[in-house]
Amino acid sequence: MTLLVVGVSHRSAPVSVLERAAIAPGARAGLLHELLAAEPVLEAAVLSTCNRIELYADVDRYHAGIAELSGMLARYGGVGPDELDPYLYARYGDEAVTHLFTVACGLDSMVVGEGQILGQLKDALALAQDEQSAGRQLNELFQRALRVGKRAHSETGIDRAGQSLVTFGLGQLAPPAGPAVVPAQASGDAGQPDMSWVRGLRALVIGAGSMSSLAAATLARAGVAELVIANRTLERAERLAASLDAQTAASAPEHTGEMGDGAECGDPECPVGSGCAARAAARGPRARAVPINAISITAELALADLVISCTGATGLVLTEQAVAGALRERRADQREPALLDLAMPRDIDAAVHRLPGVRFVDIESLAAASADAPMAADVQAVRDIVAEEVADFGAAQRAAYITPTVVALRAMAADVVSSELARLHGRLPGLGEKERAEVTHAVRRVVDKLLHAPTVRVKELAGEPGGADYAAALRELFDLDPQPAAATSGTGSTRRNAEQERS
């Protein structure tokens, strides 16, 4: 496999560059098609999250591949090559595999150990499959990366270190009066943020994608009193609100008839009524949906105690003027509003930091805070898993690479045997059927024995680093057609072969 990854992330670039380099969701399919049209690229996939933009490709030339992928990132991200180049990184071969497996385990995330990256990897693979830019190589690589990520979370305690970006952000947004993190002896879950401060708040979630859905579900579990979903497409917001209501209803306690602390249940069909132990707070908030427009968003901002925004918009969703206007509409007895921007590029104007009476956290703030976050003791165990999986994957790939060459060698030998036997039978027409069969069997057995040891040994050697050199040596020594070995490289090579046949 000739895997190449070129990218930019929170580890290599400031957030100001990352948000400008972000690739809009609607442009990613076109990017994949343009990558496939590039000469050195055989397969391609794009991984774009709030803190990384990476292009993965199976390439047949290293330097040409770097030039193509770097140029595509600059062009589709809208950042000049000269400005973007200092922040780019490239990984090739086993180093690229190591990088992807590390990413899948959450070790390269802004919040170490977070599990959201697995869903983002699935989305990247699904898009590449839909656009037919992922062939056998990238399909196997991404599927293996997903399994490695799941293994890391199931076999180690990396989850103890990992929070979602949502919970990490809410922890950073917590009022200074209380602790941002629950002590291990109190919570039983070391390093997890204290979410009690959001209980009873009015919350507004802007966006209806995967991150916004996670934010809404997190807030519902944390006990917000009211939850509003705002989205440009109202139908998507309504679907998210309905799904949250369904989850809340499914988890609500039964009306057992036990008396609680006198709070109203809120269910008109409750057989107990006032004082039912199934309190309204336990039943969760009622979610509602609103469209994003100037009137509705200002009105909801004026009412909300907590706002989380994560849309795919390329421009600002909340300007400083909009937030300032909403502040003027708030009552004097309302809480100080808290805003969390998880979008890349940003949804909320950075100038909101300057507004008095507003707590504001964005990706840039989270990047700075995560640098000081404690590492889990299990991180090294995850690194060991990654190293083991990379070695195993590399050995399997190298063995698979040499198989077509071994098949070609045996096919060539079979052709030689058939040709020589035909010539022998032509020279000795007097041989009977029994003698012909004996000669044929003997010749084929000799050839099989001669080929057995070297073909078995070359497959063993292929699993080691540099194993591809043995396949090249066989092709050179026996003048084998190299095409069968390339035929397994997937979508790109199939496309190239078809183009060559047409020309």
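What follows looks at one sheet of this predicted model and at a stretch of residues annotated as a binding site.

The sheet is an open one, built from six strands in the order β7-β6-β5-β8-β9-β10, with parallel pairing. At its edges stand β7 (286-291) and β10 (359-361); each has a single partner strand, so one side of each goes without a neighbour in the sheet. On average, and ignoring direction, neighbouring strands here are turned by 15° against each other.

Within this sheet, β5 (residues 202-206) and β8 (residues 306-309) run parallel and are joined by four bridges. One pairing to pick out is that of L204, whose bridge partner in β8 is V307. Helix α14 (residues 294-303) lies across β5, β6 (226-231), β7 and β8, and it runs at about 145° to β5.

As for the annotation, an unreviewed UniProt entry lists G207, A208, G209, S210, M211 and S212 under "binding site". Of these residues, M211 is included in the lining of the largest cavity. M211 sits in helix α11 (residues 210-222), and its relative accessibility is 9%, below the 20% cut-off, so it counts as buried. Setting aside residues up to four places away in sequence, M211 touches C50, Q116, L165, V166, C310 and L342.

S212 lies in helix α11 too. With a relative accessibility of 1%, S212 also counts as buried. Its contacts, leaving out neighbours within four places in sequence, are with V205, I206, G207 and C310. C310 thus turns up among the contacts of M211 and among those of S212.

Definitions and conventions:
Residues are numbered from 1 along each chain as its sequence is written. This is a predicted model: local features need pLDDT of at least 70, side-chain atom pairs count only at pLDDT 80 or more; totals for chains, interfaces and linings use all residues. Side-chain values use heavy atoms; hydrogens and water are left out. Two strands pair if DSSP finds at least two bridges between them. Helices (H or I, at least four residues) and strands (E, at least two) are DSSP runs, numbered from the N terminus. Axes are lines fitted to C-alpha atoms, for helices over the stretch in contact, and angles run from 0 to 180 degrees between N-to-C directions. Contact means heavy atoms within 4.5 Å. UniProt positions are given in the numbering used here, feature names are shortened, and annotations may be inferred rather than shown by experiment. On a 1 Å grid over the protein atoms alone, a cavity is a set of points where a 1.4 Å probe fits but cannot get out, and a pocket is an open set with protein on both sides within 12 Å along at least five of seven lines; lining residues have an atom within 4 Å of a point. Buried means under 20% relative accessible area, exposed over 50%, partly exposed in between (1.4 Å probe, protein chains only).
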